[in-house]
Amino acid sequence: MPIFEFRCDKCGKEFERVVFGSDEDPVTCPQCGASETKKLLSVFSCSGLSKDTGGSCGPSAGGFS
């Protein structure tokens, strides 16, 4: 599911919202109801992978080349 992070321009509250491409309504702030929100740059998180396993989130046993 596409979960995006937003910040309200009016009150500064940061929140997450599921947003689909077909959604036409503006994203509103859950705290103050303002529709002046900005989408934030999210950081990708991967869990459950050890850097020693050679997974996509860390170096392989030989390290980075």
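**Group meeting: cysteines, salt bridges and one buried valine**

Let me start with cysteine 29, which is buried, at 4% relative accessibility. Keep in mind that this is a predicted model.

So what about disulfides? With sulfur pairs required to lie within 2.5 Å, the count comes to zero. Cysteine 29 is in no disulfide, and its nearest cysteine sulfur, on cysteine 11, sits 3.7 Å away. Next, cysteine 32. Why is there no bond from cysteine 32 to cysteine 8? Because the two sulfurs are 3.6 Å apart, which is too far, and cysteine 8 holds the closest cysteine sulfur to cysteine 32. Burial is another matter here: cysteine 32 counts as partly exposed, at 33% relative accessibility, while cysteine 29 is buried at 4%.

Now the fold. The chain has three strands and zero helices. Reading from the N terminus, the order is β-β-β. There are 65 residues, and 17% of them count as buried. The accessible surface comes to about 5200 Å². Carbon and sulfur atoms supply 50% of that surface. On contacts: take the pairs at least 6 apart in sequence, and 29% of those contacts join residues at least 24 apart.

Salt bridges next. How many does a search of the whole structure find? Two.

One pairs arginine 7 with glutamate 14 through their side chains, at 2.9 Å from N to O. Arginine 7 is partly exposed, with a relative accessible area of 36%. Glutamate 14 is also in the partly exposed class, at 46%.

The other salt bridge joins lysine 38 and aspartate 9, where the closest N and O atoms are 3.1 Å apart. Lysine 38 belongs to strand β3, and aspartate 9 to the loop between β1 (3-8) and β2, so this pair ties together parts that are 29 residues apart in sequence. Aspartate 9 counts as partly exposed too, at 44% relative accessibility.

On to the valines. Valine 19 is in the loop between β2 (14-18) and β3 (37-39). Is valine 19 buried or exposed? Buried, because its relative accessibility is 18% and the cut-off for buried is under 20%. Which residues does valine 19 touch, leaving aside those up to four places away in sequence? Pro2, Phe4, Phe6 and Val27. Take proline 2 from that list. Proline 2 and valine 19 are 17 residues apart in sequence, yet their C-alpha atoms are 6.0 Å apart in space.

Then valine 18, which lies in strand β2. Valine 18 is partly exposed, with a relative accessible area of 33%. Patch members need over 30% relative accessible area, so valine 18 clears that particular cut-off. The patch itself is nonpolar, is made by Ile3, Val18 and Phe20, and covers about 250 Å² of surface. Put the two valines together: valine 19 counts as buried, whereas valine 18 contributes to a surface patch.

To recap. No disulfides by the distance rule. Two salt bridges, one of them between lysine 38 and aspartate 9. Three strands and zero helices. And a buried valine 19 that touches Pro2, Phe4, Phe6 and Val27, local neighbours in sequence aside.

Note on methods: Residues are numbered from 1 along each chain as its sequence is written. This is a predicted model: local features need pLDDT of at least 70, side-chain atom pairs count only at pLDDT 80 or more; totals for chains, interfaces and linings use all residues. Side-chain values use heavy atoms; hydrogens and water are left out. Helices (H or I, at least four residues) and strands (E, at least two) are DSSP runs, numbered from the N terminus. Buried means under 20% relative accessible area, exposed over 50%, partly exposed in between (1.4 Å probe, protein chains only). Contact means heavy atoms within 4.5 Å. Accessible areas come from the Shrake-Rupley method with a 1.4 Å probe; for residues, only the protein chains shown count as cover. Patches are made of residues with over 30% relative accessible area and no salt bridge: like charges are joined within 9 Å, nonpolar side chains (Val, Leu, Ile, Met, Phe, Trp, Tyr) within 5 Å. A salt bridge is a side-chain nitrogen of Lys or Arg within 4 Å of a carboxyl oxygen of Asp or Glu.
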